[in-house]
Amino acid sequence: MNSKLDLSFYRRKDVVKIANDLLGKLLITKINGIVTSGRIVETEAYSFIERGCHAFKGKTTRNAVMFDRGGVAYVYLCYGIHHLFNIVTNEEEKADAVLIRALQPMGGEAYMMQRMKTKSLKRITSGPGKLTKALGIDRKMNGIDLIGNQVWVEEDDFVIKRGGILKSPRIGIDYAGKDALLPWRFTMEGNEWISHV
DNA sequence: TACGTGATCACG
DNA sequence: GTGATCACGTAA
């Protein structure tokens, strides 16, 4: 119960399956002793073989950690404002990753609200840019080990009912042409914490 | 529907 | 060097 996911989970070859499997798990951060966590309710898969992925055109300074072996974080700044958190998967040079897009708060809510400068829990982690801010994730964590003690994912006893996971096209990647139509976004059906699009 | 915001990338 | 671009969020 509540065991940390290990490298064998992250280093599997099928990033689409991993994105599906991450739903219902707990994402946890511990920063300066402050623990915050949330249930993963929305993910997207990205693979170096398709145009939606940062790694499609090869290694650059930004995407370099995507080419590491699975089990590390890929964090980058989007639109100059938002930090986006991804989990690198697959083996070395197979640059796949799962973007975590939304969480249901499961612990440390007071700290999350403090970081978000709000007194309300409403939609506090309902989007990829918001959840990183609420959990204190930023670019300093790019490349960090996910079996370490700062950011990790745990199993939970939460069970998703049969048919409770929906697939849809990924958000905000119109530049990817026909690859933008791949049904690689996974959401927990009916969950109120899913990002609104 | 509009745009802030700044690192990064592809040029040259 | 320089300009275009961007896996978003919020206000309006």
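Reader: Which residues line the second largest pocket?

Author: R51, G52, C53, H54, F56, K57, G58, T60, R62, N63 and Y175 do. A pocket here is an open set of points on a 1 Å grid over the protein atoms alone where a 1.4 Å probe fits, with protein on both sides within 12 Å along at least five of seven lines; lining residues have an atom within 4 Å of a point. This is a predicted model, where local features need pLDDT of at least 70 and side-chain atom pairs pLDDT 80 or more, while totals for chains, interfaces and linings use all residues; side-chain values use heavy atoms, without hydrogens or water. Residues are numbered from 1 along each chain as written, with chains lettered from A and ligands numbered from 1 in written order.

Reader: How many residues of each class does that lining have?

Author: Three are nonpolar, five polar and three charged (Ala, Val, Leu, Ile, Met, Phe, Trp, Tyr, Cys and Pro are nonpolar, Asp, Glu, Lys and Arg charged, the others, Gly among them, polar). The space in the second largest pocket is about 200 Å³, counted as what probe spheres on the grid points fill.

Reader: And what volume does the largest pocket have?

Author: About 630 Å³. Its lining comprises 27 residues, of which C78, Y79, L84, R101 and I171 are closest to the centre. Two or more lining residues come from each of strand 2 (34-47), strand 3, strand 4, strand 5 and helix 4 (DSSP runs numbered from the N terminus: H or I of at least four residues for helices, E of at least two for strands). By class, this lining holds 14 nonpolar, 10 polar and three charged residues.

Reader: Turning to the DNA, which residues surround strand B?

Author: Look for T60, T61, R62, Y79, G80, I81, H82 and R139, each with a heavy atom within 4 Å of the strand. Of the strand B atoms that come within 4 Å of the protein, sugar and phosphate make up 61%. The surface near DNA strand B has two nonpolar, four polar and two charged residues.

Reader: Which polar backbone atom is 2.4 Å from a base oxygen of DNA strand B?

Author: One of Y79. That is a polar contact, a pair of N or O atoms within 3.5 Å. A polar backbone atom of G80 is 3.2 Å from a base nitrogen of DNA strand B, and a polar side-chain atom of T60 lies 2.3 Å from a phosphate oxygen of that strand.

Reader: Which residues come nearest to DNA strand C?

Author: H54, H82, N86, G129 and Y175, out of 20 around the strand. Sugar and phosphate account for 58% of the strand C atoms within 4 Å of the protein. Strand 3 (73-78), strand 4 (82-89), strand 5 (96-107) and helix 4 (128-135) each give at least two residues to this surface. A polar backbone atom of G129 is 2.6 Å from a phosphate oxygen of DNA strand C, and a backbone N or O atom of P128 lies 3.4 Å from a phosphate oxygen of strand C. H82 places a polar side-chain atom 3.2 Å from a sugar or linking oxygen of DNA strand C.

Reader: How many aromatic pairs are there?

Author: Two, with Phe, Tyr or Trp (six-membered) ring centres within 6.5 Å (planes under 30 degrees apart are stacked, over 60 edge-to-face, the rest tilted). F9 and Y10 are edge-to-face, 5.4 Å centre to centre with 85° between the planes. Y74 and Y76 are stacked, at 5.4 Å and 25°.

Reader: Why does Y74 count as buried?

Author: Because its relative accessibility is 1%, and buried means under 20% (1.4 Å probe, protein chains only). Y76 counts as buried at 10%.

Key: A polar contact is a pair of N or O atoms within 3.5 Å; within protein, one must be able to donate a hydrogen and the other to accept it, and residues adjacent in sequence count only if both atoms are side-chain atoms. Buried means under 20% relative accessible area, exposed over 50%, partly exposed in between (1.4 Å probe, protein chains only).
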